[in-house]
Amino acid sequence: MRKGWEKKKLNEFCEFSNGLWTGKKPPFQTVGVIRNTNFTKDCLLDDSDVVYLEVEQSQFQKRKLEFGDIILEKSGGGPKQPVGRVVIFNKVEGHFSFSNFTSVIRVKDKNEVDYNYLHRFLFMEYISGATEKMQSHSTGIRNLKFDEYKTIEIPLPPLPEQQRIVAILDEAFAAIAKAKANAEQNLKNAKELFESYLQGVFENGKEFWEEKTLDKVCEFRNGAAHEQHINEDGKYILVNSKFISADGEKFKRTNNALAPLFVNDIAFVMSDVPNGKALAKCFLVDENDTYTLNQRIGAIKSKVFVPDFLVYQFNRNRYLLSFNNGENQTNLRKGDILRCPIWLPSIEDQQAIVRQLDALRAETQRLEAIYQQKLADLEELKKSILQKAFAGELTHKSITS
């Protein structure tokens with residue numbers, strides 16, 4: 001630690017308050033309540049959907065937010081979303097409190113500790129994974145071990161140095177945010193370019209191609225209940241080799257009937273699909289894979305289509321919306337699929353379109369990988385800058401070098 005710095009535990013210079021319960025005893029008061037949904041992933045306060053509640057006046061007075069308070073998310077999260085995010089309450093007008101899934105951290109002496117400096121340090125603890133080690137899990141909800149959190153040691157330089165560090169961090173983070181926005185926009189553009197081209201191929205081609213419904217050109221097979229083996233990404237039902245006979249065209253039966261998939265089958269999910277967008281999840285069976293249908297999967301095969309062409313046609317954005325029988329429909333029936341209109345160019349045209357789309361998709365995926373790596377690098381840069389800041393090594397030169 002640098003000369004003139006000291007370390008203090010969080011509970012040595014801060015006080016804490018638990019979140020608000022609405023209560024039942026009048027008089028009541030209307031207040032805005034900051035909830036977990038108002039925390040961004042970058043630990044900024046998003047007040048676009050603050051909820052306003054009638055709460056006990058006595059409860060509110062004990063938990064009224066003050067400018068510069070740090071609100072800590074201590075419960076919630078999920079399997080891949082740790083709790084521990086922190087935001088600064090930066091509103092000067094209105095009456096606001098905070099939910100019972102959060103707590104407030106308030107600096108006792110603002111002449112000793114700058115709340116912005118403290119927020120940046122706690123933000124570093126969150127994104128570095130330090131606070132994830134302080135969590136317990138119950139019924140899918142994460143809970144921060146608050147007593148342990150309160151004993152986090154904070155490196156504290158003199159107040160002017162804290163303010164200098166905050167100014168440099170804010171400048172660096174603004175530049176990172178701009179670079180991230182550019183990368184995210186480029187990523188979005190790459191995805192939209194492919195989607196736009198894909199849409200255009202079929203919208204423009206419809207004028208010249210023959211239109212048919214799937215039942216006229218495809219065979220449809222339903223799946224059956226059976227012992228399941230699901231691969232890591234959850235897309236396919238994987239069948240152990242003991243279920244498949246040597247010739248690959250027949251299948252053995254266990255206690256449950258099996259429905260096999262064959263090369264060039266197109267399979268898709270038919271149940272638990274939001275708004276009937278099942279065909280957006282279709283996939284083409286590879287010759288090196290062995291799959292079977294379960295009762296949630298359907299399959300089609302056609303001799304008049306290049307299989308990849310049909311997959312591209314199905315995977316167009318919003319393709320199935322007009323075949324949804326209701327906004328909340330989550331299951332597709334055989335008839336929903338078979339009455340889907342499809343467009344039928346010649347086999348040669350299908351092959352040419354597939355070559356064009358494959359080439360564009362490969363380039364799109366290459367660009368997406370570049371932009372995703374750029375975003376990951378920017379996140380790592382942010383962590384590196386924060387670590388330098390609280391080790392007493394942060395200067396403008398150290399950021400640019």
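Among contacts between residues at least 6 apart in sequence, 78% join residues at least 24 apart. Keep in mind that this is a predicted model. The protein runs to 401 residues, and buried ones make up 45% of them. On the secondary-structure side, expect ten helices and 22 strands.

**The cores**

In soluble globular proteins, nonpolar side chains tend to be buried together. Here the largest nonpolar core has 42 residues, and the members touching the most other members are Ile 105, Leu 118, Leu 122, Tyr 149, Ile 154 and Leu 169. Helix α3 (residues 115-127) supplies the largest share of this core, with nine residues. Then there's a second, separate core of 27 residues, including Ile 266, Cys 340, Ile 353 and Leu 357.

What does Tyr 149 touch, once residues up to four places away in sequence are set aside? The list is Leu 10, Leu 72, Val 86, Ile 105, Leu 122, Thr 131, Met 134 and Leu 144.

**Helix α3 against helix α9**

Helix α3 also packs on helix α9 (residues 347-389), at an angle of about 130° and with the axes 10 Å apart. That angle is why α3 counts as oblique to α9. The crossing of α3 past α9 is left-handed. From α3 come Arg 120, Phe 123, Met 124 and Ile 127, which meet Lys 382, Lys 383, Leu 386 and Gln 387 of α9. Sorted by type, the residues of this contact are four nonpolar, one polar and three charged.

**Backbone oddities**

Most residues other than glycine have a negative phi, and most peptide bonds are trans. Two spots are worth a look on that score:

| Site | Backbone value | Place |
|---|---|---|
| Pro 26 and Pro 27 | cis peptide bond, omega about 5° | Pro 27: loop between β2 (14-18) and β3 (28-34) |
| Cys 43 | positive phi, about 60° | loop between β3 and β4 (51-56) |

Cys 43 isn't a glycine, yet its phi is positive. Is Cys 43 buried or exposed? With a relative accessible area of 1%, Cys 43 is buried, because the cut-off for that is under 20%.

**Ser 75**

One more residue to click on is Ser 75, which sits in strand β6 (residues 75-76). Ser 75 has a relative accessible area of 12%, so this serine is buried too. Leaving out neighbours within four places in sequence, Ser 75 is in contact with Asn 36, Val 83, Phe 101, Arg 142 and Asn 143.

Technical notes: Residues are numbered from 1 along each chain as its sequence is written. This is a predicted model: local features need pLDDT of at least 70, side-chain atom pairs count only at pLDDT 80 or more; totals for chains, interfaces and linings use all residues. Side-chain values use heavy atoms; hydrogens and water are left out. A nonpolar core is a set of buried Ala, Val, Leu, Ile, Met, Phe, Trp, Tyr and Cys residues joined through side-chain atoms within 4.5 Å. Buried means under 20% relative accessible area, exposed over 50%, partly exposed in between (1.4 Å probe, protein chains only). Helices (H or I, at least four residues) and strands (E, at least two) are DSSP runs, numbered from the N terminus. Contact means heavy atoms within 4.5 Å. Axes are lines fitted to C-alpha atoms, for helices over the stretch in contact, and angles run from 0 to 180 degrees between N-to-C directions. Angles under 35 degrees count as roughly parallel, over 145 as roughly antiparallel, 65 to 115 as roughly perpendicular and the rest as oblique. A crossing is left-handed if the near helix is turned anticlockwise from the far one by less than a right angle, and right-handed if clockwise. Ala, Val, Leu, Ile, Met, Phe, Trp, Tyr, Cys and Pro count as nonpolar, Asp, Glu, Lys and Arg as charged, and the others, Gly among them, as polar.
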